[in-house]
Amino acid sequence: MNSIRPITDPSRPKVYIETYGCQMNVNDSEVILSILQDAGYALTDDIEEASVILANTCSIRDNAEQRIWGRIDQFKLQKRKRSGVVIGIVGCMAERLKDKLLENVDLVAGPDAYRSLPDLLKAITPERPQINVLLSHEETYADISPVRMDRNGISGFISIMRGCNNVCSYCIVPYTRGAERSRDPYTIVKEAQTLFDNGYKEVTLLGQNVDSYYWKDPQKADRNVNFAQLLEMVAKISPELRVRFSTSHPKDISDEVIYTMAMYENICKHIHLPVQSGSSIMLEKMRRKYNREWYLERVDKIRSVIPDCGITTDVIAGFSGETDQDHEDTMTLMEKVVFDSAFMFAYSERPGTLASRKYPDDIPYELKTQRLNEIIALQGRMSLKSNEKEIGKTLKVLVEGPSKKNPDELCGRASNNKMCVFPSRGEKAGDYCTVEVVSVTSATLICKRTE
Ligand code: SAH
Ligand code: SF4
Ligand code: F3S
């Protein structure tokens, strides 16, 4: 039986892991550590003592990859200082660039190849770097208990599916992560239960498109499980265990999921619903399979069932052929919805995607940046507006720890995912506190204690 926290054993060879990209990569690094611990390694957070240095990488935008190239140069310095050090690139960039990385590192392993890491490590010699970038239709690492690397032991990620079957024209993920597959729900519930038994208070169920989660029971078709049913199974573990999930796809989020959220107090009232663009013309070209009206209808539905639901989004500025009008459509959609927060990006063409083959990356850098800045400025105003609506409300917050600015205050998130700061009464991470919002910034709710 694996331990859920990293083991410390000075006699073991040390592995150092840096993680880039999305939450799925954070969880994958925990799977990798589990596999490597079983093979006799122990985690270190000091690169100077590591015999294996891994970067779990992201290819989503060009700047994500540029960052990794910078890190590889740093890792190589370690190799020069100490003989026998092994450098490995794993994850999405490994999958995308494959043997092109081998000139620079000793090990390249894609997202479905982590079980082979111990064998690959054994086989490495200075002359023979090792690579495994096979993608799988089945691998979900369902039987592997991730070794948790989060700081406070309160909130854990659980991957419920891997890969993606959508072909959003701008996106590299289907090429780096392969086809979509759903994980056995009973292993998911078991993992959530283990976290809860170990003091965790929050789990986040992860997938590129959680709404298309669908597990077919190999024995009995009437035991198939969809995402709404999975949410309910996890929510039933304990009312003290919060359940979050990410990412929802506007084309697939079902009424059943929304009603299930409403039914369970411990399913957090927050949906990350990436819109990408407010222009139906752009959405069509992006192959998102919904339009502006569909998106707005889904938001209305969510708010009619769960009035206080937090809604956050992702936006891409400057996709191929984006006109001033398309950009304006994104801005007006953002004003209409008033997202709580957003991740906002300039379009980055990814080699091999449909967009890179069909649509020129024709918005000049300056214009892309200008539009992105307008979007960021608008979202700042919208975040403030959305937070102002919370003033006077009573919220239940899961304490994450002392506030960064003031050690006499605590911080933590409300169900809607908004960050709250409030005076401490000696509670610790993992406790629930009830607070009342007194003032806000665009990023934080400043709260007082209720009696
Ligand atoms: N599966 C999720 C998103 C995963 S990628 C979904 O479908 O929404 C996270 C975000 O990165 C995307 O929502 C998108 O906004 C952004 N992104 C993806 N590819 C991009 C690209 N080529 N350029 C800029 N941003 C991109
Ligand atoms: Fe990429 Fe689209 Fe899949 Fe999200 S749903 S990972 S944006 S292809
Ligand atoms: Fe990046 Fe791969 Fe995640 S490309 S966003 S690490 S799925």
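**Exercise 1. Backbone exceptions**

Where does Thr247 lie? Locate this residue in the predicted model, then describe the peptide bond that precedes Thr247 and the backbone of Lys98.

*Solution.*
Step 1. Thr247 is in the loop that runs between S13 and helix H8 (255-263).
Step 2. The bond linking Ser246 to Thr247 is a cis peptide, its omega being near 10°.
Step 3. Lys98 is not a glycine, yet has a positive phi of about 45°. Its place is the loop between helix H3 (92-97) and strand S5 (107-109).
Step 4. As a general rule, most peptide bonds are trans and most residues other than glycine have a negative phi.

**Exercise 2. The sheet that contains S13**

Determine the strand order of the open sheet that includes S13, and identify which strands stand at the edges.

*Solution.*
Step 1. The open sheet is formed by three strands, ordered S7-S10-S13, with parallel pairing.
Step 2. Strand S7 (155-159) and strand S13 (242-246) each have a single partner strand, so each stands at an edge with one side left without a neighbour in the sheet.
Step 3. With direction ignored, neighbouring strands of the sheet are turned by 25° against each other on average.
Step 4. The parallel pairing of S7 with strand S10 (residues 202-206) extends over five bridges. Within this pairing, Ile158 has Leu205 of S10 as its bridge partner.
Step 5. Packed on the sheet is helix H1 (residues 23-38), which touches S7, S10 and S13. The direction of H1 makes about 90° with that of S7.

**Exercise 3. Packing of H6 and H7**

Describe how helix H6 (residues 185-197) and helix H7 (residues 227-235) are arranged, and classify the residues of their contact.

*Solution.*
Step 1. A pair of packed helices is described by the angle between the axes and the distance between them.
Step 2. The axes of H6 and H7 come within 9 Å and cross at roughly 30°.
Step 3. Angles under 35 degrees count as roughly parallel, and H6 and H7 are therefore roughly parallel to each other.
Step 4. The crossing in which H6 passes H7 is right-handed.
Step 5. H6 contributes Pro185, Tyr186, Ile188, Val189 and Ala192 to the contact, and H7 contributes Leu230, Met233 and Val234.
Step 6. By class, the contact of H6 with H7 comprises eight nonpolar residues, no polar residues and no charged residues.

**Exercise 4. The partners of S17**

Establish how strand S17 (residues 394-402) pairs with strand S20 (residues 432-440) and with strand S18 (residues 409-414).

*Solution.*
Step 1. S17 and S20 are antiparallel and pair over five bridges. Opposite Leu398 stands Tyr432 in S20.
Step 2. S17 and S18 also run antiparallel, joined by five bridges. Pro402 has Leu410 in S18 as its bridge partner.
Step 3. Six residues lie between S17 and S18, and the two strands form a hairpin.

**Exercise 5. Two ligand shells**

List the residues around ligand 2 and ligand 3, and divide each shell by residue class.

*Solution.*
Step 1. Around ligand 2 are Cys164, Asn166, Cys168, Tyr170, Cys171, Val173, Pro174, Gln208, His249 and Arg288.
Step 2. This shell of ligand 2 divides into six nonpolar, three polar and one charged residue.
Step 3. Surrounding ligand 3 are Cys22, Asn25, Thr57, Cys58, Ser59, Ile60, Cys92, Arg177 and Gln208.
Step 4. The shell of ligand 3 has four nonpolar, four polar and one charged residue.
Step 5. Gln208 appears in both lists.

Notes: Residues numbered from 1 in each chain as written. Chains lettered and ligands numbered in written order. Predicted model: local features only at pLDDT ≥ 70, side-chain atom pairs only at ≥ 80, totals over all residues. Heavy atoms only, no water. Near = heavy atom within 4 Å. Nonpolar A, V, L, I, M, F, W, Y, C, P; charged D, E, K, R; others polar. Axes fitted to C-alpha atoms, helices over the stretch in contact; angles between N-to-C directions. Helix = DSSP H or I, 4+ residues; strand = E, 2+ residues; numbered from the N terminus. Parallel < 35°, antiparallel > 145°, perpendicular 65-115°, else oblique. Left-handed = near helix turned anticlockwise from the far one by under 90°. Contact = heavy atoms within 4.5 Å. Pairing = 2+ DSSP bridges.
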